[in-house]
Amino acid sequence: MLMSVPTHTKALDLAYIALMAALIALCAWISVPLGPVPFTMQTFGIFAALGLLGAAGTLAFLSYLLLGIVGLPVFSGFSAGAGVLFGATGGYLLGYLAAALLFWGLTAKLGQTLPVMASAMVLGLVLCYAFGTFWFLTVYTGGSGETLLGALTLCVFPYVLPDLGKIFLALVLVSRVKKHLAL
């Protein structure tokens with residue numbers, strides 16, 4: 001009797017998580033300074049990881065975040081360290097974590113169909129914007145009287161259409177690649 005070898009192993013899971021953490025870092029490095037919050041491809045990397053790996057995509061983002069906190073230059077602009085979390089983009093990094101957890105919860109409850117994933121990604125993006133805007137208003141502006149509309153004008157409005165485009169690209173990637181992965 002021959003023993004069958006499982007096609008899905010913990011080592012393969014770890015490799016996918018590491019690959020997606022690297023993709024997120026690479027996407028964060030593709031950065032264009034645009035005021036206090038740079039334009040990056042990080043949104044694409046995060047939502048691609050979530051769409052391809054599901055719950056393990058959240059682990060990929062956590063791995064990326066921890067790598068940056070311990071000093072590897074994985075954040076936008078090749079920055080690193082826990083201090084990045086206290087800068088202008090710290091709220092967005094925490095917002096991405098909240099978005100990943102939201103995606104994980106929604107797809108676990110409702111399934112990983114394309115409409116569910118698209119909805120979870122858009123809702124996650126809104127959650128990320130909320131975290132980032134709150135952080136910008138409370139920490140970055142230092143109580144200088146910046147208004148919510150002013151913060152949204154600087155930190156959200158210029159990014160909405162490009163971020164929706166990145167979500168669309170992530171969904172295209174997921175729909176074409178996921179069926180070929182041993183997940």
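Start by selecting A28 and showing whatever it touches. Leaving out residues up to four places away in sequence, A28 is in contact with T40, Q42, Y64, V74, F75, S76 and G77. A28 itself belongs to helix 1. Is A28 buried or exposed? Its relative accessible area is 0%, so A28 is buried, given that the cut-off for buried is under 20%. Keep in mind as you go that this is a predicted model.

Before moving on, draw a distance from A28 to L106. These two residues are 78 apart along the chain, and their C-alpha atoms are separated by 25 Å.

**Helix 1 and helix 2**

Now colour residues 10-29, which are helix 1, and residues 42-53, which are helix 2. Their axes come within 7 Å of each other and cross at roughly 165 degrees. Helix 1 is therefore roughly antiparallel to helix 2, since angles over 145 degrees count that way. The crossing of helix 1 past helix 2 is right-handed.

To see the contact, show side chains on both helices. From helix 1, select Y16, I17, M20, L23, I24, C27 and A28. From helix 2, add Q42, F44, G45, I46, A48, A49, L52 and L53. You will recognise A28 from the opening stop; here A28 is part of the contact between the two helices. What classes of residue make up this contact? There are 13 nonpolar and 2 polar residues, and no charged ones.

**The loop between helix 3 and helix 4**

Next, go to helix 3 (55-69) and helix 4 (90-110), and follow the loop that runs between them. Three residues in this loop make good stops.

- Select G71, in the loop between helix 3 and helix 4. G71 is partly exposed, with a relative accessible area of 41%. Apart from residues up to four places away in sequence, G71 touches A80 and G81. Put a distance on G71 and G81: they are 10 residues apart along the chain, yet their C-alpha atoms are separated by 4.6 Å.
- Move along to F78, which sits in this loop too. F78 has a relative accessible area of 53%, so F78 is exposed. Check its backbone as well: phi of F78 is near 55 degrees, a positive value in a residue other than glycine. Most residues other than glycine have a negative phi.
- Finish the loop at T89. Is T89 buried or exposed? T89 counts as buried, because its relative accessibility is 19% and the cut-off is under 20%. Setting aside neighbours within four places in sequence, T89 is in contact with P36, V37, P38 and V84.

**Helix 4 and helix 5**

Step from the loop into helix 4, then bring up helix 5, residues 114-140. The two pack at an angle of about 155 degrees, with their axes 7 Å apart. Helix 4 and helix 5 are therefore roughly antiparallel to each other. Helix 4 passes helix 5 in a right-handed crossing. If you colour this contact by residue class, you will find 19 nonpolar residues, 7 polar ones and no charged ones.

**Helix 5 and helix 6**

Keep helix 5 on screen and add helix 6, residues 148-155. Which way does helix 5 lie against helix 6? The packing angle is about 120 degrees, and the axes are 10 Å apart. That makes helix 5 oblique to helix 6. The crossing is right-handed. Select T133, F136 and L137 on helix 5, together with L148, A151, L152, L154 and C155 on helix 6, to light up the contact. By class, these residues divide into 7 nonpolar, 1 polar and no charged.

**Zooming out**

To end, show the whole protein as a cartoon. How many helices and strands does the protein have? There are 7 helices and 2 strands, and from the N terminus on they run α-β-β-α-α-α-α-α-α. Along the principal axes, the C-alpha atoms fill a box of roughly 75 × 35 × 25 Å. The radius of gyration is 17 Å, which agrees with the value near 16 Å for a compact globule of 183 residues.

Colour by accessibility and you will see that 41% of the 183 residues count as buried. As for contacts with a separation of 6 or more, residues 24 or more positions apart account for 66% of them.

Key:
Residues numbered from 1 in each chain as written. Predicted model: local features only at pLDDT ≥ 70, side-chain atom pairs only at ≥ 80, totals over all residues. Heavy atoms only, no water. Helix = DSSP H or I, 4+ residues; strand = E, 2+ residues; numbered from the N terminus. Buried < 20%, exposed > 50% of the residue type's maximum accessible area, 1.4 Å probe, protein only. Contact = heavy atoms within 4.5 Å. Axes fitted to C-alpha atoms, helices over the stretch in contact; angles between N-to-C directions. Parallel < 35°, antiparallel > 145°, perpendicular 65-115°, else oblique. Left-handed = near helix turned anticlockwise from the far one by under 90°. Nonpolar A, V, L, I, M, F, W, Y, C, P; charged D, E, K, R; others polar. Rg over C-alpha atoms; globule rule 2.2 N^0.38 Å.
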